[in-house]
Amino acid sequence: MPKNALIKIDDKEISCPVMVGTEGEKAIDARNLRKDTGYIFYDQGYGNTGSCESAITFLDGDNGILRHRGYSIDQLAGQSEFVETAYLIIYGELPTMKQRKAFGDLLRQNAHVETQMQRLFDGYPKDTPPMVMLASLVASLAGYYPDLATNNFEKDLGQFDLSAAMAISKIRTLGAMIYRHTRGLPFLHPKDLPFCDNFLHLMFSEPYHDYVSIPEVTSALNLILLMHADHEQNCSSATVRMVGSSGVNLFTSLAAGIGALSGPLHGGANAAVMHMLQSIHDEHDDGTRFISAAKDGSKSHRLMGFGHAVYRNFDPRAKVIGEACGVVLKKLGKSDPLLDIAHNLEQAALKDDYFVSRKLYPNVDFYSGIIFRALGIPINMFTVMFALGRSPGWIANWREVASNPKGRIYRPRQIYVGPARRDYVPIAQRG
Ligand code: ACO
């Protein structure tokens, strides 16, 4: 492996150190390029830019590999559960029995939402999109818990165990409250239950009829949250890092991540997939018409749940979730015509040269909506579920930024393409 890379601009050669990650990932350290040459690298969308060193998740998009802290997503999906994986992602190691219990206790102790904070819901119109509510509620945590959100990394890290558990636990409770608010249902108090069962209780219990835990539902929820727990420098995690790099607290950074996740090209895709499948179903299309429309290259006709910014082989999460879909529906004794449509679409696209040549495969969102639907979660809540699942990854990323003594504020450069210098013209002379 070369130690340096030479960049030649005109007659000048600049030597940039080569960096190599644990898994052999290679980078050219261009931190001094602008200082030494006046040039920057142009990389719209940062697809070729390493913005940080991170020890959380390894992703090899060409080979469909995803590992958290060294553990493969397949092993975690088969043997771990969401809270344990959350601990692993945040703290770097699988917990001991004692650590797992302490983490679970902290999550349980911080599940409630203060009465005063509950009043915020009165201000939202009934049809406020769930992700809009979630982003603003999570941002508000910084106001309700100012001691955990001082915007001083040293102080905030001193309370990190509490703020991390609080964030995950309250995002879970707030998510359920958002669901109930949109349906005009009264809020419920969290119970002394395991994480996923507590969520299902907060969502589905009725005043005189408690939700009765169904093991298959709990384990499907566990699986799907775990599958979303982290995903390297995706748009929302990079946003959390960027916002956090300004020195701001965990809750404010998470709120920014939630905003980034809500876009249709990121976390919003799972809802878009369901709308797409439903419209194919309603139009009695077997998928053929939709597939041919999706090939016109326009962003508005894309086959949702297909393609990924980094996976160019397959998305290992889609494989696990796709397989789980059929199993979950069978266990719950349900059938879903949209699952058949999804299978047909997948089969057709995987044989179609347009998708094959562009290396477009199902991503995590292609099948996750079918599981959410089987669990009784409505489409407008899908991205909230994604946010709950992704919260450990965001927290771990914020922590890396906050604990890096050499960290700098994220500040990309640009190539300016606007008007060249010109003189101000007073309004009376502008015609
Ligand atoms: N359907 C049809 N064509 C597609 C699709 C799709 N889903 N995705 C990409 N393409 C085409 C593009 O039109 C482009 O074609 P061209 O080379 O002829 O111009 C080519 O494939 C490459 O596409 P890019 O836009 O360069 O791919 P990029 O890596 O920038 O985008 C993205 C990735 C945003 C995920 C894209 O594939 C997409 O829009 N997919 C549908 C939305 C989706 O499922 N998003 C969820 C992603 S997973 C997540 O965030 C959790």
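**Ligand contacts and strand pairing in a predicted model**

Modeller: A polar backbone atom of Gly305 lies 2.8 Å from an oxygen atom of the ligand. This is a predicted model, in which local features need pLDDT of at least 70, side-chain atom pairs count only at pLDDT 80 or more, and totals for chains, interfaces and linings use all residues. Residues are numbered from 1 along each chain as its sequence is written, and side-chain values use heavy atoms, without hydrogens and water.

Biologist: Why is the 2.8 Å pair at Gly305 called a polar contact?

Modeller: A polar contact with the ligand is a pair of N or O atoms within 3.5 Å, so the 2.8 Å pair at Gly305 qualifies. The side chain of His266, with a polar atom 3.0 Å from a ligand oxygen, also meets this limit. So does the side chain of Asn363, with an N or O atom at 2.9 Å.

Biologist: How much of the ligand does the protein bury?

Modeller: Alone, the ligand exposes 920 Å², of which the protein buries 74%; the areas come from the Shrake-Rupley method with a 1.4 Å probe.

Biologist: What makes β4 and β5 paired strands?

Modeller: Two strands pair if DSSP finds at least two bridges between them. Strands are DSSP runs of E with at least two residues, numbered from the N terminus. β4 (residues 57-60) and β5 run antiparallel and are joined by 4 bridges, so they pair. Phe58 has Arg67 of β5 as its bridge partner.

Biologist: What makes β5 and β6 a pair?

Modeller: 2 bridges join β5 to β6 (residues 71-72), so the minimum of two is met. Here Arg67 stands opposite Ser72.

Methods:
Polar contact = N/O pair within 3.5 Å; in protein donor to acceptor, adjacent residues only side chain to side chain.
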